[in-house]
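Subject: The structure we talked about

Hi,

Here is the structure I promised to pass on to you. Have a look at it first, and then read on below for my notes.

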Amino acid sequence: MASKTPLLMISHGDLLEKHSIYDVSEKLVRKLDIPTLRGKKVLGSSYGWLILVEPIDSEDDYDSNCCLFNPTTNDIIELPNLIDWIDYNQCILTKPPTEPDCYVFFSGLEQSFCRIGDEEYVTRTEEQQYEEEEENGGLGYEHLFAIGSFQGQIYGYMDPDKFVAIHIVGNTIEFRQIPMAEHWVIPYSSDDGFIYDIWLIESSQSDGEPLIVQKVNVDDDREELVDFKVFRFDINEMECTELNDIGNQTIFATEDGFGYCCSSIGTKPNSIYYTIKDDNNLYIFDLEDRTTSSILQFDDDVAANKPIMTCWIQNQIF
């Protein structure tokens with residue numbers, strides 16, 4: 001049985017000129033020498049394509065070159081320059097980019113989208129979000145914390161208790177709130193003063209239902225004092241149920257890009273593998289005993305070439 005375990009992309013160096021991949025199942029690190037990757041931040045992968053963004057460190061130039069790259073064919077699809085690249089940590093494709101009417105959707109503090117071939121993005125800025133809140137008193141400035149695609153539909157989560165279906169209609173982004181069977185609020189919400197990371201991840205089970213994964217540092221100075229919560233989001237019943245055991249599955253998460261959930265082949269079951277920005281370790285959180293351990297410390301070459309950016313990508317890409 002072929003493993004679908006994602007690969008960990010490690011980008012490092014002063015200009016992100018160096019890239020490696022770590023195969024968790026095989027416990028192997030492989031250095032990459034691909035010119036297209038040099039100087040690029042990887043925001044994940046979709047349909048076999050990497051989403052690449054050029055980080056710009058300049059007070060005068062905020063436009064960042066970005067593109068889609070297929071390492072198998074070496075094909076590149078250029079995208080419009082992205083303004084304020086640092087505001088985005090996730091990107092999703094609505095379908096394979098070689099098919100007609102494929103949209104590229106960036107999400108973070110702001111949301112930007114374009115159709116393949118467009119010359120510029122349509123952006124929902126922070127200022128527009130404030131204005132929406134004042135005008136509508138509804139789904140306004142609530143921060144879109146996470147996005148995911150399930151059964152062809154893009155979904156999003158807004159702190160502390162809103163799930164939305166995301167639709168691109170003309171030149172606008174529409175958020176249609178999903179009515180829950182019972183009111184549900186995420187345990188560690190910003191209303192309670194918590195800062196957290198969250199992912200919408202497709203389960204590896206046959207039904208492919210969405211999972212909500214939340215990570216909170218209980219103590220900012222000690223990585224071992226971290227907590228994870230996992231919930232099953234039943235789209236049909238419109239309810240969330242906490243899972244204390246995910247069985248023979250492993251979850252993978254990084255602060256940039258998307259998370260994955262796969263059968264535990266060569267990995268620890270009922271666990272979450274994750275990294276932290278500018279940290280040279282790969283951690284495992286055990287959902288049964290609620291403990292954290294470190295299984296990988298990147299080699300000296302990586303550790304000496306900060307910044308370090310990591311992102312899980314689809315296994316079949318390399």
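What follows is a short tour of the strands, cysteines, charged pairs and aromatic rings.

Before anything else, please keep in mind that this is a predicted model.

**One of the sheets**

Let me start with an open sheet of 4 strands, in the order β3-β2-β1-β25, with antiparallel pairing. Which strands stand at the edges? They are β3 (28-32) and β25 (308-313); each has a single partner strand, so one side of each is left without a neighbour in the sheet. On average, and ignoring direction, neighbouring strands of this sheet are turned by 25 degrees against each other. As a reminder, strands of a sheet pair through backbone hydrogen bonds, either parallel or antiparallel.

Inside this sheet, β1 (residues 7-12) and β2 (residues 18-23) run antiparallel and are joined by 6 bridges. If you want a place to begin looking, take Leu8, whose bridge partner in β2 is Tyr22.

**Cysteines**

How many disulfides are there? The count comes to 0. Cys102 is in no disulfide, and the nearest cysteine sulfur, that of Cys114, is 8.7 Å away. Cys102 counts as buried, because its relative accessibility is 1%, and the cut-off for buried is under 20%.

Cys261 may catch your eye when you scroll through the sequence, since Cys262 comes right up in the distance check. The sulfur of Cys262 is the closest cysteine sulfur to that of Cys261, but at 6.6 Å the two are too far apart for a bond; a disulfide would need the sulfur atoms within 2.5 Å. Cys261 also counts as buried, at 9% relative accessibility.

**Charged pairs**

Over the whole structure, a search finds 8 salt bridges. Here are three of them, together with how open their residues are.

- Asp33 and Arg38 meet through their side chains, with 2.5 Å from N to O. Asp33 counts as exposed at 61% relative accessibility, while Arg38 counts as partly exposed at 42%.
- Arg232 and Glu209 form a salt bridge with an N to O distance of 3.8 Å. This pair links distant parts of the chain, 23 residues apart: Arg232 sits in strand β18 (residues 226-234), and Glu209 in the loop between β16 (196-202) and β17 (210-217). Arg232 is partly exposed at 27% relative accessibility, whereas Glu209 is buried, with a relative accessible area of 19%.
- Arg290 pairs with Asp227, and their closest N and O atoms are 2.7 Å apart. Here too the pair links distant parts of the chain, 63 residues apart, with Arg290 in the loop between β23 (281-286) and β24 (291-297) and Asp227 in strand β18. Arg290 is partly exposed, with a relative accessible area of 31%, and Asp227 is buried at 12% relative accessibility.

Strand β23 has another acidic residue to look at, Asp286. At 8% relative accessibility, Asp286 counts as buried. What does the side chain of Asp286 make a polar contact with? Its partner is the side chain of Lys268, at 2.9 Å. In addition, a polar atom of the Asp286 side chain lies 3.2 Å from the backbone nitrogen of Asp289.

**Aromatic rings**

The structure holds 15 aromatic pairs. One of them is Tyr157 with Phe163, a tilted pair with 5.5 Å centre to centre and 55 degrees between the planes. Tyr157 is buried, with a relative accessible area of 0%, and Phe163 counts as buried as well, at 2%.

A second example is Phe252 with Tyr273: the ring centres are 5.4 Å apart and the planes stand at 40 degrees, so this pair is tilted. It links distant parts of the chain, with Phe252 in strand β20 (residues 249-253) and Tyr273 in strand β22 (residues 271-274), 21 residues apart. Both Phe252 and Tyr273 are buried.

Finally, Tyr157 and Phe163 belong to one aromatic cluster that also takes in Phe145, Trp184, Tyr196, Phe231 and Phe233.

Happy browsing, and write back any time.

Best wishes

Conventions: Residues are numbered from 1 along each chain as its sequence is written. This is a predicted model: local features need pLDDT of at least 70, side-chain atom pairs count only at pLDDT 80 or more; totals for chains, interfaces and linings use all residues. Side-chain values use heavy atoms; hydrogens and water are left out. Two strands pair if DSSP finds at least two bridges between them. Helices (H or I, at least four residues) and strands (E, at least two) are DSSP runs, numbered from the N terminus. Axes are lines fitted to C-alpha atoms, for helices over the stretch in contact, and angles run from 0 to 180 degrees between N-to-C directions. Buried means under 20% relative accessible area, exposed over 50%, partly exposed in between (1.4 Å probe, protein chains only). A salt bridge is a side-chain nitrogen of Lys or Arg within 4 Å of a carboxyl oxygen of Asp or Glu. Rings of Phe, Tyr and Trp (its six-membered ring) pair if their centres lie within 6.5 Å; planes under 30 degrees apart count as stacked, over 60 as edge-to-face and the rest as tilted. A polar contact is a pair of N or O atoms within 3.5 Å; within protein, one must be able to donate a hydrogen and the other to accept it, and residues adjacent in sequence count only if both atoms are side-chain atoms.
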